[in-house]
Amino acid sequence: MSHTIVLIQPGRPESRAYSDFESVNEAMEGICMIFEEHLKKNNPNVASITYDISQLFDFIDSLKDLSCLVYQSSTNTYAPYSKDWIKEKVYILLRRQSA
């Protein structure tokens, strides 16, 4: 369990936001939920929305900025991670959930 902070900037600087989670997996689930809310907002009349991982990755790539800070207990600091690392962790999470 490594405390994780997700930093997100969808567009302009005033759109910056952050969320914190108790673990990396919870943070990745949170990123998926952000994408799902984005889909719901853009498709308000669709009862059931489905998507594939390439659409999720396209959304991540479209964000002006997305990064994670993960707590490292050995150094008592937070290590930064990029979009590519996030996509890898999301892929692992979704693969486990589908198994």
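**Cysteines, helix packing and selected residues**

The sulfur of Cys-68 lies 11 Å from the closest cysteine sulfur, that of Cys-32, which is too far for a bond. The model described here is a predicted one. A disulfide would require the two sulfur atoms to be within 2.5 Å, and for Cys-32 the closest cysteine sulfur, in Cys-68, is likewise 11 Å away and too far for a bond. The structure accordingly holds zero disulfides. Both cysteines fall under the 20% relative accessible area that defines a buried residue: Cys-68 is buried with a relative accessible area of 0%, and Cys-32 is buried at 5%.

Cys-32 also takes part in the packing of helix H1. Two packed helices are described by the angle between their axes and the distance between the axes. For H1 (residues 24-42) and helix H3 (residues 83-98), the axes come within 9 Å and cross at roughly 90°. The two helices are therefore roughly perpendicular to each other. On the H1 side, the contact is made by Val-24, Asn-25, Met-28, Glu-29, Ile-31 and Cys-32. The H3 side contributes Trp-85, Ile-86, Lys-89, Val-90, Leu-93, Leu-94, Arg-96 and Gln-97. By class, the residues of this contact comprise nine nonpolar, two polar and three charged.

Leu-93 gives a residue-level view of the contact between H1 and H3. This residue is found in helix H3 and is buried, because its relative accessible area is 6%. When residues up to four places away in sequence are not counted, Leu-93 touches Asn-25, Met-28 and Glu-29. Leu-93 and Asn-25 are 68 residues apart in sequence, yet their C-alpha atoms are 6.9 Å apart in space.

H1 packs against helix H2 (residues 53-62) as well, at an angle of about 95° and with the axes 11 Å apart. An angle from 65 to 115 degrees counts as roughly perpendicular, and H1 is therefore roughly perpendicular to H2. Here Ile-31, Cys-32, Ile-34, Phe-35 and His-38 of H1 meet Gln-55, Leu-56, Phe-59 and Ile-60 of H2. The residues of this contact divide into seven nonpolar and two polar, with no charged residue. Ile-31 and Cys-32 are thus among the residues of H1 that meet H2, and they are also among those that make the contact with H3.

The start of the chain was examined next. Met-1 is found in the segment before strand E1 and counts as exposed, because its relative accessibility is 82%. Leaving out residues up to four places away in sequence, Met-1 touches Glu-22, Ser-23 and Glu-26. Its C-alpha atom is separated by 7.4 Å from that of Val-24, although the two residues are 23 residues apart along the chain. Ser-23 is placed in the loop between strand E2 (17-21) and H1. In contrast to the exposed Met-1, Ser-23 is buried, with a relative accessible area of 9%. With residues up to four places away in sequence again not counted, Ser-23 touches Met-1, Ser-2 and Thr-4.

Gln-9 is found in strand E1 (residues 4-9). Because its relative accessibility is 11%, Gln-9 counts as buried. The side chain of Gln-9 makes a polar contact with the side chain of Arg-16, at 3.4 Å. Apart from neighbours within four places in sequence, Gln-9 is in contact with Ser-15, Arg-16, Leu-63, Lys-64 and Asp-65.

Two loop residues were also considered. Thr-50 is found in the loop between H1 and H2 and is exposed, with a relative accessible area of 69%. The C-alpha atom of Thr-50 is separated by 26 Å from that of Ala-17, the two residues being 33 residues apart along the chain. Asn-76 has its place in the loop between strand E3 (65-72) and strand E4 (77-81). Asn-76 is exposed as well, because its relative accessible area is 58% and exposure is assigned at over 50%. The phi angle of Asn-76 is near 60°, a positive value in a residue other than glycine.

Key. Residues are numbered from 1 along each chain as its sequence is written. This is a predicted model: local features need pLDDT of at least 70, side-chain atom pairs count only at pLDDT 80 or more; totals for chains, interfaces and linings use all residues. Side-chain values use heavy atoms; hydrogens and water are left out. Axes are lines fitted to C-alpha atoms, for helices over the stretch in contact, and angles run from 0 to 180 degrees between N-to-C directions. Helices (H or I, at least four residues) and strands (E, at least two) are DSSP runs, numbered from the N terminus. Angles under 35 degrees count as roughly parallel, over 145 as roughly antiparallel, 65 to 115 as roughly perpendicular and the rest as oblique. Contact means heavy atoms within 4.5 Å. Ala, Val, Leu, Ile, Met, Phe, Trp, Tyr, Cys and Pro count as nonpolar, Asp, Glu, Lys and Arg as charged, and the others, Gly among them, as polar. Buried means under 20% relative accessible area, exposed over 50%, partly exposed in between (1.4 Å probe, protein chains only). A polar contact is a pair of N or O atoms within 3.5 Å; within protein, one must be able to donate a hydrogen and the other to accept it, and residues adjacent in sequence count only if both atoms are side-chain atoms.
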